[in-house]
Amino acid sequence: MKRSYLFLGILLVGLSFQVQGQTALTDTKLLRFYEDLAIRDAIYEQGLQLDHQGELDYWNDQENFERELGKSNFSFYLVYMKGKKEAHRKYLQECDGACDHSDVYWNKMRNYLSVPDASEFFSTNLEKVAQSSAVKQ
């Protein structure tokens with residue numbers, strides 16, 4: 001009888017380690033998925049060619065997606081946002097101010113990048129956005 005309990009105990013411990021290993025592997029795959037998704041989204045945003053209302057709609061949908069991702073799994077949200085920030089930072093370094101984007105785009109980039117990054121990459125565009133926002137108000 002004691003052998004049965006010992007065998008059952010070892011079996012249960014072994015199964016729990018196997019389930020934990022599978023969960024960790026799944027989480028790693030999902031983290032990688034959200035990192036790749038962030039890069040794809042950033043590349044799409046860099047080539048965005050929509051009218052003003054279409055662009056506002058896109059960014060509104062994007063903010064909703066990011067908010068819901070943060071609510072459902074904060075770890076995935078952090079990975080996604082970090083991937084997006086890095087992709088946009090790399091693009092802006094390569095662009096070196098020669099990129100032609102809307103004011104809405106530059107405002108969104110300011111949101112994705114930290115203050116030192118934003119001022120380093122597109123301070124002139126931020127000034128232009130601030131001036132156009134002041135005029136609209």
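**Entry 1: terms and model**

I take helices as DSSP runs of H or I, at least four residues long, numbered from the N terminus. I am working on a predicted model.

**Entry 2: helix H3**

I started with H3, which runs over 74-95. I checked its length against expectation. At 1.5 Å a residue, the 22 residues of H3 should span 32 Å. I find the end C-alpha atoms 31 Å apart, which agrees.

Next I looked at both ends. At the start of H3, Asn 73 places a side-chain oxygen within 3.1 Å of the backbone nitrogen of Ser 75. What follows H3, and is its phi positive or negative? Asp 96 follows, and its phi is positive, near 55 degrees.

Then I listed the buried residues of H3. Among them are the aromatics Phe 76, Tyr 80 and Tyr 91. The list also holds Met 81, Gly 83, Ala 87, Leu 92 and Cys 95. I note that Lys 84, His 88 and Arg 89 are on the buried list too.

**Entry 3: the largest nonpolar core**

Nonpolar side chains tend to be buried together in soluble globular proteins. I looked up the largest nonpolar core here and found 20 residues in it. Which members touch the most others? They are Tyr 34, Trp 59, Tyr 80 and Tyr 105. Helices H1 (2-46), H2 (52-72), H3 (74-95) and H4 (103-112) each give two or more residues to this core. H3 gives the most, with 6 residues.

I followed Tyr 105 further, leaving out residues up to four places away in sequence. Tyr 105 touches Trp 59, His 88 and Tyr 91. It also touches Glu 45, Gln 46 and Glu 55. Two of these contacts, His 88 and Tyr 91, I had already noted as buried residues of H3.

**Entry 4: the disulfide**

A disulfide is a covalent bond between the sulfur atoms of two cysteines. How many does a search of the whole structure find? It finds 1 disulfide. Cys 95 is joined to Cys 99, S to S 1.5 Å. Both cysteines are buried.

**Entry 5: salt bridges**

Side chains of opposite charge can pair when their charged atoms come close. I count 7 salt bridges. I went through three of them, one each in H1, H2 and H3.

In H1, Arg 32 and Glu 35 meet at 2.7 Å, N to O. They are 3 residues apart, so about one helical turn separates them. Arg 32 is partly exposed, at 46% relative accessible area. Glu 35 is partly exposed as well, at 31%.

In H2, Lys 71 and Glu 68 pair at 3.6 Å, N to O. The two are again 3 residues apart, about one helical turn. Lys 71 is exposed, with a relative accessible area of 60%. Glu 68 is partly exposed, at 45%.

In H3, Glu 86 and Arg 89 pair at 3.0 Å, N to O. They lie 3 residues apart, about one turn of the helix. Is Arg 89 buried or exposed? At 18% relative accessibility, Arg 89 falls under the 20% cut-off, so it counts as buried. Its partner Glu 86 is partly exposed, at 37%. Last, I looked for salt bridges that share partners. Such bridges join Arg 32, Glu 35 and Asp 36 into one network.

Key:
Residues numbered from 1 in each chain as written. Predicted model: local features only at pLDDT ≥ 70, side-chain atom pairs only at ≥ 80, totals over all residues. Heavy atoms only, no water. Core = buried A, V, L, I, M, F, W, Y, C linked by side-chain atoms within 4.5 Å. Buried < 20%, exposed > 50% of the residue type's maximum accessible area, 1.4 Å probe, protein only. Contact = heavy atoms within 4.5 Å. Salt bridge = Lys/Arg side-chain N within 4 Å of Asp/Glu carboxyl O. Disulfide = S-S within 2.5 Å. Expected span 1.5 Å × (residues − 1). Polar contact = N/O pair within 3.5 Å; in protein donor to acceptor, adjacent residues only side chain to side chain.
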